[in-house]
Structures are given as C-alpha cells and as structure tokens.
Amino acid sequence: MPRYVIERDFPDSLIIPVDADGAAACLGVVDNNADQDVTWIHSYVSQDKKKTFCVYDGPSPEAIRNSAKKNSLPINRITEVRVLDPYFYF
C-alpha cells in the first residue's frame, strides 16, 4: 500500500480537546477513512497548531482526498513517500 504525507493548513489553529470528545473525533476520522481503505498512521503538528503533516497509507491520492472531504479536513499537498532509514546500510 502506498504511503503519503498530507500537508494541511489550519488558519485558526487545530483544536482537538484532550478528553472523550477529542478521542471520539479522532476515532470518527479513522472510521470514515476505512470506507476508502485509507489508514491514518500519525501526524506531526506545528507548534502554533496551524499546520499538520499527516502520514497515511492508502490506495491512491484520490482515496486520500475522498476521506479528507468526508472528514471535513483540508488538504494543501499530498506527497507519496518511502522510508529512508539511517541504519539501512548497516
């Protein structure tokens, strides 16, 4: 399955409460993604919470876009990536 980094901008900051509501919101994203065979691996959030870099596995960029639309999440850029491990040559 291809792996992608998804860049998202949140002009008003990304706010996910650290409580049951926040957990439910994240699980809702996971459930919606499953409809497109998309898996959210993890995300990096900028210190000001206005930009995220999300790592996803999915069959295609279009599946990623469909999932984002269903989750009401912006997409600024989708980049297909591969792992570069610093210990690969050892």
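This passage describes the sheet, the two helices and two buried residues of a predicted model.

The four strands of the sheet are arranged in the order β2-β3-β1-β4, and the sheet is open, with antiparallel pairing. Its edges are formed by β2, residues 39-45, and β4, residues 77-81, each of which pairs on one side only. Direction ignored, neighbouring strands are turned against each other by 25 degrees on average. Strands of a sheet pair through backbone hydrogen bonds, in either the parallel or the antiparallel sense.

Strand β1 comprises residues 3-9 and is joined to β4 by five bridges, the two strands running antiparallel. Within this pair, E7 lies opposite R77 of β4. Between β1 and β3 there are seven bridges, again in the antiparallel sense. Here the bridge partner of E7 is F53 in β3. Strand β3 is also paired with β2, through six antiparallel bridges, and in that pairing F53 of β3 stands opposite Y44. The connection between β2 and β3 is a hairpin with five residues between the strands, and K49 in the turn has a positive phi of about 65 degrees.

Of the seven residues of β3, five are buried, so the strand is largely enclosed by the rest of the structure. One residue of β3 examined in detail is T52. Its relative accessible area is 2%, and T52 is therefore classed as buried, the cut-off being under 20%. Leaving aside residues up to four places away in sequence, T52 touches I6, E7, R8, F10, L14, Y44 and V45.

Both helices make contact with the sheet strands. Helix α1, residues 20-34, lies across β2 and β3 and runs at about 140 degrees to β2. Helix α2, residues 61-70, packs on the sheet and touches β1, β3 and β4, its direction making about 40 degrees with that of β1.

From its first C-alpha to its last, the 15-residue helix α1 reaches 21 Å, close to the 21 Å expected at 1.5 Å a residue. The buried residues in α1 are G22, V29 and N33. They lie on the same side of α1 because the arc they cover around the axis is only 30 degrees. In general, an α-helix has 3.6 residues a turn, so residues three or four places apart point the same way. The buried residues of α1 pack against β2, β3 and α2. On the face turned away from this buried side are the exposed residues A20, D21, L27, D31 and A34. At the start of α1, the backbone nitrogen of D21 has a side-chain oxygen of D19 within 3.0 Å.

The second residue examined is N71, located in the loop between α2 and β4. Its relative accessibility is 13%, so N71 counts as buried. When residues up to four places away in sequence are not counted, N71 touches G28, V29, N32 and N33. Among these, V29 and N33 are buried residues of α1. The C-alpha atoms of N71 and C26 are 10.0 Å apart in space, with the two residues 45 apart in sequence.

Terms used: Residues are numbered from 1 along each chain as its sequence is written. This is a predicted model: local features need pLDDT of at least 70, side-chain atom pairs count only at pLDDT 80 or more; totals for chains, interfaces and linings use all residues. Side-chain values use heavy atoms; hydrogens and water are left out. Two strands pair if DSSP finds at least two bridges between them. Axes are lines fitted to C-alpha atoms, for helices over the stretch in contact, and angles run from 0 to 180 degrees between N-to-C directions. Contact means heavy atoms within 4.5 Å. The expected span of a helix is 1.5 Å times one less than its number of residues. Buried means under 20% relative accessible area, exposed over 50%, partly exposed in between (1.4 Å probe, protein chains only). The arc is that of the directions from the helix axis to the C-beta atoms. A polar contact is a pair of N or O atoms within 3.5 Å; within protein, one must be able to donate a hydrogen and the other to accept it, and residues adjacent in sequence count only if both atoms are side-chain atoms.
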